[in-house]
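Ready for a few hands-on exercises? Have a go at each task on your own, then follow the solution step by step.

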Amino acid sequence: MAEAVVGQVVVKLSAALAKDELTFGIKLLWKEASALNGLFGKIRDSKVELESMQAYLQEAERFKDTDRTTAIFVGEIRGLAFQIEDIVDEFTYKLEEDKHGGQALHFTRDEDLVGIEENKDRLLRWLTVGSTSGGDLEQMSSKVTTVWGMPGVGKTTLVAHVYSIVKVDFDAAAWITVSDSCRIEDLLRKIAAELSIDVANVEMRGLAESIHNYLQGKKYILVLDDVWNARLWTEIRNVFPTSNSTGRFVLTSRKHEVSLLATRESAIHLEPLQPHHSWVLFCKGAFWNDDDKECPLELQKLAWKFITKCQGLPIAITCIGRLLSGKPPTLAEWENVYRGLDSQLAKDVIPDVDMILKVSLEDLPYDLKNCFLHCALFPEDYGLKRKMIMRQWIAAGFINEKEENRTLEEVAEGYLAELVNRSLLQVVESNHAGRLDSYRMHDVIRLLALNKAKEECFGEVHNGSAAGEFSVDCARRVSVQGENLEQLRQSGVTHLRALHVFEYSNVDLLKPILTSSNLLSILDLQGSRIKMLPCEVFSLFNLRYLGFRDTDIESLPEAVGRLQNLEVLDASGANLTYLPNSIVELKKLRYLYAYTVPGASEALQIFKVGGVKVPNGIQHLAGLHALECIKATPEFLCEVRSLTELRTFTVCNVRSEHSADLSNAILFILELLLQLRMRRCGLKGYIYLQLFLGLV
């Protein structure tokens with residue numbers, strides 16, 4: 001996917017050329033302006049050459065797995081593009097410096113539900129009938145059902161469909177996705193959170209007791225998706241009450257040993273789809289936009305060839321179907337796709353199913369490829385929040401406005417929809433307004449994407465468990481998903497563009513990494529158990545995204561004002577009570593999130609969320625699109641009327657004396673929305689107004 005790298009650099013070169021000598025020459029000496037004139041000429045030449053390379057790479061990507069010479073050349077182009085990207089960012093920074101003087105709902109689409117009728121009926125019967133001889137739900141106090149089979153065979157799809165039907169019959173329901181590295185304490189905390197049980201600052205023993213006491217006397221259902229070993233269930237099963245309670249447990253797994261945990265004969269072994277079911281699923285994907293969803297006669301022979309290569313795996317059938325749905329339904333177009341598959345398979349480069357998925361990845365446009373690989377850097381089965389992913393894509397430079405009347409946010413949301421349509425992302429959750437809000441990547445697709453990300457030097461995952469040294473080679477992005485950062489620190493990593501750290505506590509080990517990667521554009525520390533940001537953060541002149549959501553950070557220093565390129569500041573759920581005066585100097589800031597949660601018991605009551613005090617001068621942040629959750633003051637409510645780009649606005653700690661200023665602010669924002677919709681000729685514009693009232 002070197003084409004994706006080159007494509008992004010071409011965009012950056014275009015942006016650099018927009019800042020030509022006419023923009024800066026007025027404030028520079030004539031001698032400097034003359035030198036710049038030659039420099040911009042070289043930038044134009046580089047842009048033209050890279051555009052030519054990009055066109056070549058669109059074809060070369062297909063053959064680099066089978067042609068060693070092509071692979072070497074593609075790698076050299078990628079390395080050159082990385083170097084140019086670094087130079088352009090540093091150059092742009094210098095120009096700017098001169099200029100300024102220094103709970104989850106699991107969705108399954110109807111088209112994915114093929115060939116599951118028999119197993120669906122069995123699972124429904126087991127979850128709603130106490131025994132094989134009949135009766136109602138109360139007849140058996142506890143029952144374990146397992147669904148197992150190879151990756152991609154449809155285990156989660158089946159269970160999610162049945163779960164959505166039966167959960168209304170229970171007093172409590174929870175769905176937990178388990179990873180192979182899941183710790184018991186973390187698992188219990190996830191279960192407690194799903195059941196809305198307050199377990200803040202509760203130790204392991206207290207966790208188990210809290211869950212047990214909450215479920216006592218209730219009818220409840222628990223789904224553990226993707227269990228990797230039987231020992232996990234053995235260690236937690238006593239947490240759940242059996243006397244005076246009715247429990248239903250569903251475990252999905254790729255391991256046969258886990259299936260043996262089922263009560264009596266309550267295990268389902270999912271096999272690959274039968275040929276006729278594979279055909280139906282393929283047609284639903286390839287011809288999803290046709291009313292009859294039927295394959296033309298002249299394409300049927302070739303369609304069966306595609307289906308045969310998918311080996312009955314729904315995930316592969318769905319991916320290839322969606323890929324073909326974007327091509328003209330002609331024999332020539334389909335044969336071209338099939339030849340791409342066949343040429344790879346003839347070399348025995350990669351097994352059939354992986355090859356099907358690989359071709360789906362290679363078919364992505366270069367801007368979508370970067371977005372897709374970015375999603376793979378999050379932990380396995382991680383819930384990818386729509387707004388968070390969109391903000392990171394924008395901050396990373398993956399999103400560019402393609403049409404005059406479409407915002408960056410709308411382009412990004414369109415990319416999300418496209419990845420879902422191609423079955424490369426799965427929808428997991430919807431928000432209260434019914435809008436798709438959370439996504440996940442199937443573990444099979446994620447594994448392939450991570451291999452591709454490593455191969456293309458896009459990024460790597462470090463889980464801290466590998467023995468010996470950890471080397472990121474030329475990776476531009478690193479995702480830390482474990483406690484051990486020592487290996488990463490010793491790797492001598494440099495020139496990182498993104499660093500994602502999940503649930504980490506030792507801030508000192510971050511310092512050398514931040515020092516050696518001064519071109520970092522994304523720093524995401526969400527969930528890390530840290531109380532302050534390293535001072536090295538505030539020297540990252542290229543930083544676009546700074547996230548420390550759900551951390552223990554209590555304050556930001558005035559040095560945050562040095563981050564002149566910052567576009568996103570996400571401090572949601574941290575312990576901030578105020579923002580420093582220098583925050584108003586961040587003229588490029590687009591999103592500012594900074595609510596606090598006073599306590600775990602209060603956190604369950606939405607109106608107890610606390611606001612953060614902002615300094616005077618917030619009106620100078622003219623590019624703000626989102627502002628959450630700000631403590632109400634007369635000064636702030638007056639200034640907010642100057643923020644004409646605002647789309648999301650949340651104000652907290654409202655008192656009765658604020659009513660007049662608040663009313664004026666609301667009227668202004670509603671008028672702004674009306675003007676926005678009129679200006680954009682009826683295209684969808686959105687604003688989300690949220691008020692937390694705390695009248696005293």
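**Exercise 1. An open sheet**

Task: In this predicted model, take the open sheet of 3 strands and work out the order of its strands. Then find out which strands stand at the edges.

Solution:
- Step 1. Start with the order: the open sheet of 3 strands reads E6-E8-E7, and the pairing is antiparallel.
- Step 2. Look for strands with a single partner. Strand E6 (384-385) and strand E7 (426-430) each have just one partner strand, so they stand at the edges and one side of each is left without a neighbour in the sheet.
- Step 3. Check how E6 is held: 2 bridges join E6 to strand E8 (residues 436-440), and the two run antiparallel. Here you can spot Leu384 standing opposite Tyr439 in E8.
- Step 4. Now go to E7, where you'll find Val427. Val427 has a relative accessible area of 15%, and the cut-off for buried is under 20%, so Val427 counts as buried.
- Step 5. Finish with a distance: Val427 and Ser438 are 11 residues apart in sequence, and their C-alpha atoms are 6.2 Å apart in space.

**Exercise 2. A strand covered on both faces**

Task: Work out which residues of strand E11 (residues 498-501) lie on one side and which on the other. Then find how E11 pairs with strand E10 and with strand E12.

Solution:
- Step 1. Remember the pattern: in a regular strand the side chains alternate between the two faces of the sheet.
- Step 2. Sort the residues of E11: Ala498 and His500 are on one side, with Leu499 and Val501 on the other.
- Step 3. Check the cover. These four residues are all buried, and both faces of E11 are covered.
- Step 4. Turn to E10 (residues 477-480): 4 bridges join E10 to E11, and they run parallel. Val480 has Val501 in E11 as its bridge partner.
- Step 5. Do likewise for E12 (residues 522-524), which pairs with E11 in the parallel sense over 3 bridges. In that pairing, Leu499 stands opposite Leu523 in E12.

**Exercise 3. Rings and charges**

Task: Classify the aromatic pair of Tyr220 and Phe249, and then the pair of Tyr591 and Tyr593. After that, look for charges over rings, starting with Lys218.

Solution:
- Step 1. Get the overall count: the structure holds 17 aromatic pairs.
- Step 2. Take Tyr220 and Phe249. Their centres are 5.7 Å apart with 70 degrees between the planes, and the pair is edge-to-face.
- Step 3. Place the two rings: Tyr220 lies in strand E3 (residues 219-225) and Phe249 in strand E4 (residues 246-253), so this pair ties together parts that are 29 residues apart in sequence. Tyr220 and Phe249 are both buried.
- Step 4. Now Tyr591 and Tyr593. Their ring centres are 6.5 Å apart and their planes are at 5 degrees, so this pair is stacked. Tyr591 and Tyr593 are buried too.
- Step 5. Look for a bigger group: Trp279, Phe282, Phe287, Trp304, Phe306, Trp334 and Tyr338 form one aromatic cluster.
- Step 6. Add the charges. Lys218 lies over the face of Tyr214, at 4.4 Å from the ring centre, while Arg477 lies over the face of Phe458, at 4.1 Å from the ring centre.

**Exercise 4. Two helices**

Task: Decide whether Glu409 is buried or exposed, and find its side-chain partner. Then work out how many residues of helix H17 are buried.

Solution:
- Step 1. Locate Glu409: it sits in helix H18 (residues 408-421).
- Step 2. Read its relative accessible area, which is 6%, so Glu409 is buried.
- Step 3. Find the partner: the side chains of Glu409 and Arg590 make a polar contact (2.7 Å).
- Step 4. Go to H17 (residues 386-396), where 10 of the 11 residues are buried; the helix is mostly covered. Among the buried ones are Arg386, Met388, Trp393 and Ala396.
- Step 5. Step just past the end of H17, and you meet Gly397 with a positive phi of about 85 degrees.

**Exercise 5. The whole chain**

Task: How many helices and strands does the chain have, and what share of its residues is buried?

Solution:
- Step 1. Count the elements: 24 helices and 18 strands.
- Step 2. Take the share: 53% of the 696 residues are buried.
- Step 3. Add the surface: the chain exposes about 31,000 Å², with carbon and sulfur atoms supplying 51% of it.

How values were computed
Residues are numbered from 1 along each chain as its sequence is written. This is a predicted model: local features need pLDDT of at least 70, side-chain atom pairs count only at pLDDT 80 or more; totals for chains, interfaces and linings use all residues. Side-chain values use heavy atoms; hydrogens and water are left out. Two strands pair if DSSP finds at least two bridges between them. Rings of Phe, Tyr and Trp (its six-membered ring) pair if their centres lie within 6.5 Å; planes under 30 degrees apart count as stacked, over 60 as edge-to-face and the rest as tilted. Buried means under 20% relative accessible area, exposed over 50%, partly exposed in between (1.4 Å probe, protein chains only). A charge sits over a ring if NZ of Lys or CZ of Arg is within 6 Å of the ring centre and within 35 degrees of the ring normal. A polar contact is a pair of N or O atoms within 3.5 Å; within protein, one must be able to donate a hydrogen and the other to accept it, and residues adjacent in sequence count only if both atoms are side-chain atoms. Accessible areas come from the Shrake-Rupley method with a 1.4 Å probe; for residues, only the protein chains shown count as cover.
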